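Here are some notes on charged pairs and one polar side chain, set out point by point. Please read them with the structure open.

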Amino acid sequence: MKLPYSWLKELIPALPPVTDLEPVFAHLGLPLEGVDDVPAPVEGVILASVQAAEPMEGTQLTKLTLDTGARGVKTVASGAPNAVGLPAGTMVALVTPGTTLGGMEYGARVMQGVESWGMCASAKELEIGEASAGILTFPAGTAAPGTPMAELWAADQVLDVEVTPNRADVLSALGLARDVAAYLNLEVKEPAMPAPPTQAGEIRVSLPDRGRTLDRDPAKKLRFGCDHFAARAVSGVHNGPAPLWMQRRVSLSGMRSIDLIVDTSNYVMLELGQPTALYDRRDVLNDTVVVAFGLREGESVRDLLGNTHQVGPEDLLILDGGLTDEPVPTVADAFDTMTEPKPGTHVLGIAGIVGGDHGHVRPDTRDVVIESAHFDPVLLRLTSTRLGLKTDAVYRFERGVDPLLAPKAAVRVAELLRAHGGGTPEAGQTLVGTPDVPGEITVTGTQVRALLGMDIPTAEMQGILTRLGCRVTGEGDTLTVVPPSWRVDLLIWQDLAEEVARLHGYAALPETLPTLRVHESNLGASAASEARGTLRRTLAGLGFQEVVTYTFTSDEEAGKARTEAPGVKLRNPMTTDRTGLRTALYPSLLKAAQVHAKGERTLLFELGRIFPASGEAERLGLLMRGDLAAPTHQPGVKGNFSVFKGLVEAVAATLGAGFELQQLRGADVPAALHPGIAGAVVWNGVRVGWLGALHPEIAQEFGLKGDTFVMEAALPLPGREWAFRDPSRAPAAWRDLAVITPAGVSYGEVAALLQQEAGELLASVEPFDVYQGEQVGAGNRSVAVRLVFRGARTLTDEDVDPVMDRLIAAVKAQGWSIREK
């Protein structure tokens, strides 16, 4: 939020210099993102009074006859669109000849037969604002003609304050002044304004019921929509340029000055924090404003900027009284039972977000209706997000506006239109609804001290909360606190403790070691995180590098990787290649591998989440490309399937887990893998994923030349509890066995059969030879394995031979045979 220092200084007369404010804002939790020095207009820019504005025939220029004071009457040719028809007496900013501005020196020259003495400038040309669509104009009598602009538009410093979402109360000059003054223990000089009228106004207002449901979806409960609405009419307003001081503050706060009526609404929002809307009274039919949900499905609303929006039943609209003769609820009725807009109504705006084309303020507007209301922040945020509308008004409403501010803001707008536009506010004001305000909170000083670890007296806590606007009563150590209406974020006693710490000063926190108290329900809560950390360290120790990639993908990328298309789509994707949530991890690793230097070793891993149709899951992904070790004076280590599998086996061994890779064939092979180099990962006896060589066609799609090996496995990958035992003192007994099987039978199937039948004496099974040839027959192969037997004592042939007989019998029962030679 941007705010000129001079405005804050007016509200806090004793405010320190701007150079001393940075630590103040930091302690308040509202750090300054920057302080911009805004210079005054350069010397040579003066105020001039328009005597006549005449179009120059055959051109798009306007001849302005100006009273420049001591310099006499001058003429200027201007191409600005708002120069046409300027009323006599309107004042403009005139750059006199000889003035250098923006690196250019201005002079007097003849344009289309008219001597143009200098230039009438825009805010952007004067470098005092961003508006460039027209020249700066000010009300008649702003100052004597010839007055230097620098005297009226002084140099200033603009504070750029970072406001957290929970601090909606400081999104205004007055709100920020209250917080700063509370911290510095200074007085705030609030803007002078009359009290809101107590009698009923001329504008009738109807609000929706609380807690109504959508007819389309009875289970979907809408919130209150609007629970407080103030409306007031002002007649006879002379619309035109806003006073210079108002334009200056609006411009320095980052908004564009338009005219008196619009600027007044924006100014009050910046000053008090309450967004308001002003409608041309001619368009508010029957002097009636209706707040209703848009039950006309697919209704189009044209906003005041000319854009069209499709609203639905869940969107809150502001409507006029329409062309109906039905009676409208009286002002005393807090809520109308109306469930559908009446025939003939017009949309005045999308509530709390943007005004409509119907009813917007025009140059000839003289009578206005002021809308100042409190809307449901959640409802407005949903609507603004769905419609893609982010305005200054909804920015405040969605964070929480003071529920009691509406009538005060309406009075402030009416008073400014009276003082600077000659308008006449009506004697009464319509006020409908009963808003919810922050409730009473009870807290003890002991609670606050225990939470903060700071020794703050209860009396000081009471003083801090009182300075913040709270109504505090206390007896002993107990405080009963009623937060001010503008602090909608103070709901529980911990919120009060935070405020005490903020104003007492976080710098006063004692430097002591905290006492670690772990609730029994939290015992072991960090086990999953520690397991991930162990897995990360293990992989890093083997040479893998961790990557963290986006969880977003697209249908195109999923198609290239041959994985499931994303089922969870993003409503507002950042880019066209990130439109949904990924369903597999390996495409992210393939994209990461693309950026690595060609020919260099690439070992990547990622721990991340995927979102397939089966449900959200956490996965480990591994990728290997290139040689594991480049050759030097010693032979290197080629990167192949065996090396990749060995790295995974090393991970399992380090974690103390059991690892097995079972060959996959045919339809069981994942689409990501080469049909002949694919296996299922079995971890501690449970199949958790797959491992193998990347399918060549996928590698080509991603531009990856050479072999690429990938693995994807479900987490967690648990280790086993470590146990130690004495090594066996008895020697091992070895037997070799060659099993002839069809070529399609994997070694894993052979090993599983032997382990199952051998019993406890079999310590290990290891293959040492594979043979295919005439001796075993076409379509067969011989797998030779070494069987290691070990027992509590030295084993003899009488111990081992019966086991071997069982194994041979089991092999033959399977339909396989034993190779004798």
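1. Glutamate 271 has a relative accessibility of 2%, so this residue counts as buried, the limit being under 20%. The model is a predicted one. In it, the carboxylate of glutamate 271 is paired with arginine 412 in a salt bridge, at 2.8 Å from N to O. Helix α6 (residues 260–272) supplies the glutamate and helix α9 (residues 406–421) the arginine; the two residues are 141 apart, and the pair links distant parts of the chain.

2. Is arginine 412 buried or exposed? Its relative accessibility is 9%, and it therefore counts as buried. Both partners of this salt bridge are thus on the buried side of the cut-off.

3. Another salt bridge joins glutamate 712 and arginine 619, with 2.9 Å between the closest N and O atoms. This pair, too, links distant parts of the chain: glutamate 712 belongs to strand β37 (residues 708–714) and arginine 619 to strand β33 (residues 617–625), 93 residues apart. Here the partners fall into two classes. Glutamate 712 is buried, at a relative accessible area of 2%, whereas arginine 619, at 22%, is partly exposed.

4. Aspartate 799 and arginine 793 also form a salt bridge through their side chains, at 3.0 Å from N to O. Arginine 793 is partly exposed because its relative accessibility is 49%, and the exposed class begins over 50%.

5. Some salt bridges share partners. Through such sharing, Arg167, Asp169, Asp179, Arg487, Asp489, Glu499 and Arg502 are joined into one network. Over the whole structure, the search finds 38 salt bridges. As a general matter, side chains of opposite charge can pair when their charged atoms come close.

6. Where is asparagine 239 placed? It lies in the loop between β15 (226–235) and α5 (244–252). Although it sits in a loop, asparagine 239 is buried, with a relative accessible area of 16%.

7. What does the side chain of asparagine 239 reach? One partner is the backbone nitrogen of leucine 260, at 3.4 Å. The side chain of asparagine 239 also makes a polar contact with the side chain of aspartate 259, at 3.5 Å.

8. Beyond its neighbours within four places in sequence, asparagine 239 is in contact with Asp259, Leu260 and Ile261, and also with Val361, Arg362, Pro363, Thr365 and Arg366. Among these, Asp259 is the residue whose side chain makes the polar contact given above.

Key
Residues numbered from 1 in each chain as written. Predicted model: local features only at pLDDT ≥ 70, side-chain atom pairs only at ≥ 80, totals over all residues. Heavy atoms only, no water. Helix = DSSP H or I, 4+ residues; strand = E, 2+ residues; numbered from the N terminus. Buried < 20%, exposed > 50% of the residue type's maximum accessible area, 1.4 Å probe, protein only. Polar contact = N/O pair within 3.5 Å; in protein donor to acceptor, adjacent residues only side chain to side chain. Contact = heavy atoms within 4.5 Å. Salt bridge = Lys/Arg side-chain N within 4 Å of Asp/Glu carboxyl O.
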